[in-house]
Amino acid sequence: MWSPKLLNRLPVGKCRLSLIDKQMAVSAAKAINIPNNATVIEINSGLGFLTHALLNNTNVKRIIALENDKDCVENLGQLAEESSGRLEVIQAENNIVSRFASNKLEVICTWLQKEKLADMQIYPWEEVHPSLVSIFHLPDKMSGDYLLNQIMQDFYNRSGFQAYGRVRTNLFMPAYLYEKNMAMLGEIKRCKQGVIMESLANIDILRVIPERAYTPKSINVLLSLTPQAQPKLKAQFDVFEYVLRHVLSKKSAPLCDTISTLGAGAESLIKNLSFDSQILVKDISVEQFIELAQIFEQWPFRPVNLHAAFNENHKRRRRN
């Protein structure tokens, strides 16, 4: 019988963030509500506690687990030997992707589509895919933000796993990321990524997982994200990001004082807004941010290269 022997060999703190509680893993697997005859893609599987729980779920047809830590891969391999072919473990070396947390999700998805999901049926966008589910164990801090951003880009572009239809995406999100990305309207912690998530996804909170269930100790929240059938976001993704990055840099200031950061003369955009520009940035709704982004997108004087413009503005603010 499989047991996570690797856990007993690791010095405290050596293992990256990983679920280590069998009972909580079983509870999380039930909360995800796997559909019948499902293929599950699990990214950053870690020590395999959730993988083990998923294998005990009779609805799961097969699991493709991607992991880049060779010791964890070895541990998962023992579980795969007992799975009667239902679990395939893939070590994500340089031939696939070197780090899940960097901007390489497209590489992972492209490789999986070609090598492992070639026979997966594509469903109309109006439907939630009935037999494909993805699960991401997000790394902590900045690297988790990078991966979350890639997931949201796939929601917007209908790419990656979303190329098969609206695929439910389940996230194990560390408390640090949760507090930022799930901050409510009016809260000072509200951030760019949280606004993007709200503009593209239907979000359900499935479980709060206590810190004792992880090594190193860390509170995590299990979320289920489903792409909106009719997403609120109409502007281009890079334009929306640019607007959010600039405007949210001063959350307690009124919009009329921060809109100039979008570019020289951007104050002229105020007259086209349907809402009061005196509103504090932290109180701007998703719909209002989208309206501002659409107006900015049509502005003939907006920067052509948004990435370069953002970097230059960021350097200028730091000098000041």
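Colleague: How do I read the open sheet here, and in what order do its strands come?

Modeller: Start with the general idea: strands of a sheet pair through backbone hydrogen bonds, either parallel or antiparallel. In this predicted model, seven strands make an open sheet, and going across you meet S4-S3-S2-S5-S6-S9-S7, with mixed pairing.

Colleague: Which strands stand at the edges of that sheet?

Modeller: Those are S4 (87–91) and S7 (201–209). Each has a single partner strand, so one side of each has no neighbour in the sheet. Direction ignored, neighbouring strands are turned by 20° against each other on average.

Colleague: Let's take the S4 edge. How many bridges join S3 to S4, and do they run parallel or antiparallel?

Modeller: Five bridges join them, and the two strands run parallel. To find one by eye, look for Ile64, whose bridge partner in S4 is Glu88. Then look for helix H4 (residues 70–81), which lies across S3 and S4 and runs at about 165° to S4.

Colleague: And at the other edge, how do S7 and S9 pair?

Modeller: S7 and S9 are antiparallel, with eight bridges between them. A handy spot to check is Asp204, which stands opposite Ser224 in S9. S9 also pairs with strand S6 (residues 166–174), again in the antiparallel sense, through six bridges. There, Thr169 has Leu225 of S9 as its bridge partner.

Colleague: Which residues of S9 point one way, and which the other?

Modeller: The general idea first: in a regular strand the side chains alternate between the two faces of the sheet. In S9, Asn220, Leu222, Ser224 and Thr226 point one way, while Val221, Leu223, Leu225 and Pro227 point the other way. All of them are buried, so S9 (residues 220–227) is mostly covered, with eight of its eight residues buried.

Colleague: How much of the whole chain is buried?

Modeller: Of its 320 residues, 54% are buried. The chain has 12 helices and nine strands. Among contacts with a separation of 6 or more, 72% are between residues 24 or more positions apart.

Colleague: Which residues does UniProt list for "binding site"?

Modeller: The unreviewed UniProt entry lists Leu19 and Glu67. They are spread over 49 residues of sequence, yet they cluster in space, with a largest C-alpha distance of 13.8 Å. Leu19 is also included in the lining of the second largest cavity.

Colleague: Is Leu19 buried or exposed?

Modeller: The cut-off for buried is under 20% relative accessible area. Leu19 has 4%, so Leu19 is buried. You'll find Leu19 in strand S1 (residues 18–19). Leaving aside neighbours within four places in sequence, Leu19 is in contact with several residues, including Leu47, Phe49 and Tyr214.

Colleague: What about Glu67: where is it found?

Modeller: Glu67 is in strand S3 (residues 60–67). With 0% relative accessibility, Glu67 counts as buried. A polar atom of the Glu67 side chain lies 3.2 Å from the backbone nitrogen of Ser45.

Colleague: One more residue, His129. Which backbone atoms lie by a polar atom of its side chain?

Modeller: The backbone oxygen of Gln121 lies 2.8 Å from a polar atom of the His129 side chain, and the backbone nitrogen of Leu132 lies 3.2 Å from one. His129 belongs to strand S5 (residues 128–137) and is buried, with a relative accessible area of 4%. Not counting residues up to four places away in sequence, His129 touches Met120, Gln121, Tyr123, Tyr164, Arg166 and Val167.

Terms used:
Residues are numbered from 1 along each chain as its sequence is written. This is a predicted model: local features need pLDDT of at least 70, side-chain atom pairs count only at pLDDT 80 or more; totals for chains, interfaces and linings use all residues. Side-chain values use heavy atoms; hydrogens and water are left out. UniProt positions are given in the numbering used here, feature names are shortened, and annotations may be inferred rather than shown by experiment. On a 1 Å grid over the protein atoms alone, a cavity is a set of points where a 1.4 Å probe fits but cannot get out, and a pocket is an open set with protein on both sides within 12 Å along at least five of seven lines; lining residues have an atom within 4 Å of a point. Helices (H or I, at least four residues) and strands (E, at least two) are DSSP runs, numbered from the N terminus. Buried means under 20% relative accessible area, exposed over 50%, partly exposed in between (1.4 Å probe, protein chains only). Contact means heavy atoms within 4.5 Å. A polar contact is a pair of N or O atoms within 3.5 Å; within protein, one must be able to donate a hydrogen and the other to accept it, and residues adjacent in sequence count only if both atoms are side-chain atoms. Two strands pair if DSSP finds at least two bridges between them. Axes are lines fitted to C-alpha atoms, for helices over the stretch in contact, and angles run from 0 to 180 degrees between N-to-C directions.
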